Amino acid sequence: MELSKNFQHSEAEQKWYQHWMDKGYFYSTPDERPAYTIVMPPPNVTGILHMGHALNNTVQDVLIRCAKMQGFNTCWVPGTDHASIATEAKVVAMLREKGIDKNKLSREEFLSYAWEWKEKYGGIILSQLKKLGCSLDWNRTHFTMDKEYYAAVMRVFVELYNKGLIYRGVKMINWDPKAKTALSDEEVMHKQTNSKLYYVRYKIDADAEEYITIATVRPETILGDTAICVHPEDPRYAHLRGQYCFVPLINRRIPIIFDDYIDLEFGTGALKVTPAHDINDYNLGLKYKLPVIDTLNDDGTLSEAAGMYVGEDRFAVRKKIIEDLKTSGNYVKEEDYSNQVGFSERTDAVIEPRLSMQWWCNMAELSKPALEAVMTEQVEFFPPKFKNLFRHWMENIKDWCISRQLWWGQRIPAWYDAEGNMYVGETEEQAYQKYSAANPNAQAGELRQDDDCLDTWFSSWLWPMQVFGWNENPDNKELAYYYPTNTLVTAPEIIFFWVARMIMAGENFLGKKPFDKVYFTGIVRDKQGRKMSKSLGNSPDLLDLIEVHGADAVRFSVMIASPAGNDLLYDETMLEQGRNFCNKMWNAMKLVKMWEARVSTEVSTADTFAIDWMQARIKQVELSIEDLLKNFRLSEALKNIYSLIWDDFCSWYLEWVKPAPEEALSAMVYNKTIDIYESLLQLLHPFLPFVTEEIYHLLRQQSDDLMNRQLTAFDTPNNDLLQQGIKLQELITTVRDARVKNNLKPKDVIKLAVDTQQTAFYTAAKNIIARQINAEKISFTNEAVQGSISLVLGVDKLYISSNVAIDTTAQKEQLQKDLDYQKSFLMSVEKKLSNEKFVTNAKPEIIDTERKKQSDTLAKIKTIEESLSLL
RNA sequence: GGAAGCAUAGCUCAGCUGGUUCAGAGCAUCUGCCUUACAAGCAGAGGGUCCGCGGUUCGAACCCGUGUGCUUCCA
């Protein structure tokens, strides 16, 4: 078969993914093996694959494929989130483009458009994950608005309501005027913003012409002011106790109140109090029983209650009112000011704090078992630094605003009768039963359901339970087998939104944590360190990258530089490194295949140094990888395998066993080489599944697939062999360096004479050495060889003879440099050993190594000095 | 305003329990090679005040304090 010059990724990816699917390798059903389960963080149903997903899902796939090799029954559950606010925003935008106004549609009409949209565009991301090679159990694909899932959400709502943990109430909430919905605190992003601080004076209600000046960044809220507040110990305002003043423009008479909440340093030390539009003002309002005047409509325009500018947007009013305050003589001055402004996570609209009737979930009780699970490491965080963050949040947790003024989502299961009495039930029938029990004359159709729907996270917190059918039967076999899941892989950004709440849901509704471990990936940033985001447009198109460089190269690039919890600075050179790596392995395979025709059973098989060494190296790396994976140090693990394959296998091993041109190759060496290559491919497979599977099958006829191959138990490597390998490499490098420095061309043949105690080592490696340094002869000697290049390797002396004239000055310099280094090294060691405190305090094994260093260095110095004296 | 993290080669980062045969990798750079697997490659080389200052210790890139700079989270 003709093999292409380079690895052709497109075909291989297509072919193997289909093959794995056909073989059913991704599918899992409970059996006698231990389970290894991951539930995928469900992406938004409208989402498309971006860098964050690529990182997150590659990590999960690596974990799953590793576990599979170790004999676990692996199950990775895919799915999508209905993402209520994000999806609704998209559907509204789509309708607008079609010239349809959401407000003119009925709820049912809108929802049918939304479902249509979901069927058409939803789940694109899942098919994109296939391109990345994700070994997901597609039979288990879930959606957070599936019928069964919906029912589970209803059940949880009703249970919590019946326990009194869900309630309805008027409180200050974060209002998104663009999406026209309430948001939870977690959905508000605070950004540092350049604003103006306006100073405005309010006329005191007194005979004298006296004013009190306040500072505000939101002058448009003046119309909702119901008090001015100053610090009780502020001498500037002490005389105003019991006084009133007038709100500018509308001349409402409001009291001046005194509270030590006020920061004396800020502005003028006087605060305007607008209970309807600021949480702190609201609390002051409660304390002093101030009236609440809501001056905003739900779209961010001013309401009738404002009395002025009615129907105009709040930001337009901000400009206008300043002009009007100037005219009225209330404007004093303005200053540049930098403050934190809240923005909607989804729509990027400026959040308006607002009083509103919403549904709330009391978190105090729910959070307790979750906090404990994390603090006692029943749920273990990687990296552990997130534990503190988690605790801090959980200990200061506030009630969760769970209602949203949206249509796309689970509708709140509360019904009202004509008098406004409320009936909560999982279904309308249940609610009606309660209603009719209280009202014997009840008629069907008299109840009206709450218009709001639930926060998306109120459904996704059930994800690890409900994908295994918790609601239908909490004692079912699947839930018992797969739950708690093993590892959750997610971004630290959603630790509160999602991770914390899943733990709460698991602990409270099922009595079991949802996962053992949480691996937090970093944030993917571009070269300039900016977070990759759609709005910045700095996220590369992943499907393009996969198409051009291959899925394996993409996986390599995101894995090689992403330790847990550390941000990933994405750089396309890593993509090239990954592609080159695939290519390197492809060519190594070609090389081995070329030998196939030259295999002979006649050739002696005595020379096994290279094989023995390579096998020891593999064992060594296997052990370190096992350890690294346990600690989720995936990038380190990949680096180790990369170097094992590229450096040890390709650069050393293959060159060591490579037959000379035209020469035959021992069948034993050939077969061992393929064995070795196979075990390397297996180690790498979880990271780069496609190229490894492809090469695995091209190496020789296989009865199985690499993906399904099981790892054998690791054992400890022979340390002597490893040391000899290092020595051999050093020998080769030293001689090659000398060749370069003495202008010997690669084709110039040399003779090597060695003065050593370790003749066995040189004899074992003789053939390898000869080939690697292009020596026609290797011999042992006890004395210096005249006219040769003299080198020192440890305590061995090497003499290189050739036909080319030797310039001894370069050698002298080199040896002298080495001698100087060794001498100063010796000095530092001896200084230490002569330090009495060191000898008495240091651990014995440390002292022993120092002694060994001393004697080794002394021997080296002697060797170098002898060589130097001969030049 | 509160909290956490980071600072090591030109760049991106490793460096676990303190121990000079550990200051390391990849990329980039320089030199020489179109050597019959691979120029997307091979061989070799150079490059660092481990952010500054103080402390603990026989010994500090590593522990403690402090200063500076950056990042993130929360209010």
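This report describes a predicted model of a protein with an RNA strand, taking in turn the surroundings of one lysine, the internal cavities and the surface near the RNA.

## The surroundings of Lys 513

Lys 513 is placed in the loop that runs between helix H15 (495–510) and strand S23 (515–520). Leaving aside residues up to four places away in sequence, Lys 513 touches Gln 378, Val 379, Tyr 483, Pro 484 and Glu 507.

Two polar approaches involve the side chain of this lysine. A polar atom of the Lys 513 side chain lies 2.7 Å from the backbone oxygen of Gln 378, a residue that is also listed among those touched by Lys 513. The side chain of Lys 513 also makes a polar contact, at 3.2 Å, with the side chain of Asp 516.

## Internal cavities

The structure contains 4 cavities of 30 Å³ or more, and the largest of them holds about 110 Å³ of space. The lining of this largest cavity is made up of 14 residues, and those nearest its centre are Cys 66, Ile 625, Leu 629, Leu 683 and Leu 711. Two or more lining residues come from each of helix H2 (51–69), helix H19 (609–630) and helix H21 (667–684).

Helix H19 contributes the most to the lining of the largest cavity, with 4 residues. Sorted by class, the lining of the largest cavity comprises 10 nonpolar, 2 polar and 2 charged residues.

## The surface near RNA strand B

RNA strand B is surrounded by 40 residues, the closest being Lys 5, Asn 587, Phe 825, Lys 853 and Asp 856. Of the atoms of RNA strand B that come within 4 Å of the protein, 60% belong to sugar and phosphate. The residues of the surface near RNA strand B divide by class into 16 charged, 12 polar and 12 nonpolar.

Individual side chains approach several parts of the strand. Arg 579 has a polar side-chain atom 3.3 Å from a base nitrogen of RNA strand B, whereas a polar side-chain atom of Arg 633 lies 3.2 Å from a phosphate oxygen of the strand, and a polar side-chain atom of Asp 737 lies 3.2 Å from a sugar or linking oxygen. The elements that supply two or more residues to the surface near RNA strand B are helix H18 (572–595), helix H20 (634–657), helix H23 (719–741), helix H27 (836–841) and helix H28 (844–869). Helix H18 gives the most to this surface, with 9 residues.

Key: Residues are numbered from 1 along each chain as its sequence is written. Chains are lettered from A and ligands numbered from 1 in the order in which they are written. This is a predicted model: local features need pLDDT of at least 70, side-chain atom pairs count only at pLDDT 80 or more; totals for chains, interfaces and linings use all residues. Side-chain values use heavy atoms; hydrogens and water are left out. A polar contact is a pair of N or O atoms within 3.5 Å; within protein, one must be able to donate a hydrogen and the other to accept it, and residues adjacent in sequence count only if both atoms are side-chain atoms. Contact means heavy atoms within 4.5 Å. On a 1 Å grid over the protein atoms alone, a cavity is a set of points where a 1.4 Å probe fits but cannot get out, and a pocket is an open set with protein on both sides within 12 Å along at least five of seven lines; lining residues have an atom within 4 Å of a point. Grid points are joined across faces, edges and corners, and a volume is the space filled by probe spheres set on the points. Ala, Val, Leu, Ile, Met, Phe, Trp, Tyr, Cys and Pro count as nonpolar, Asp, Glu, Lys and Arg as charged, and the others, Gly among them, as polar. A residue is near a molecule or strand if one of its heavy atoms lies within 4 Å of it.
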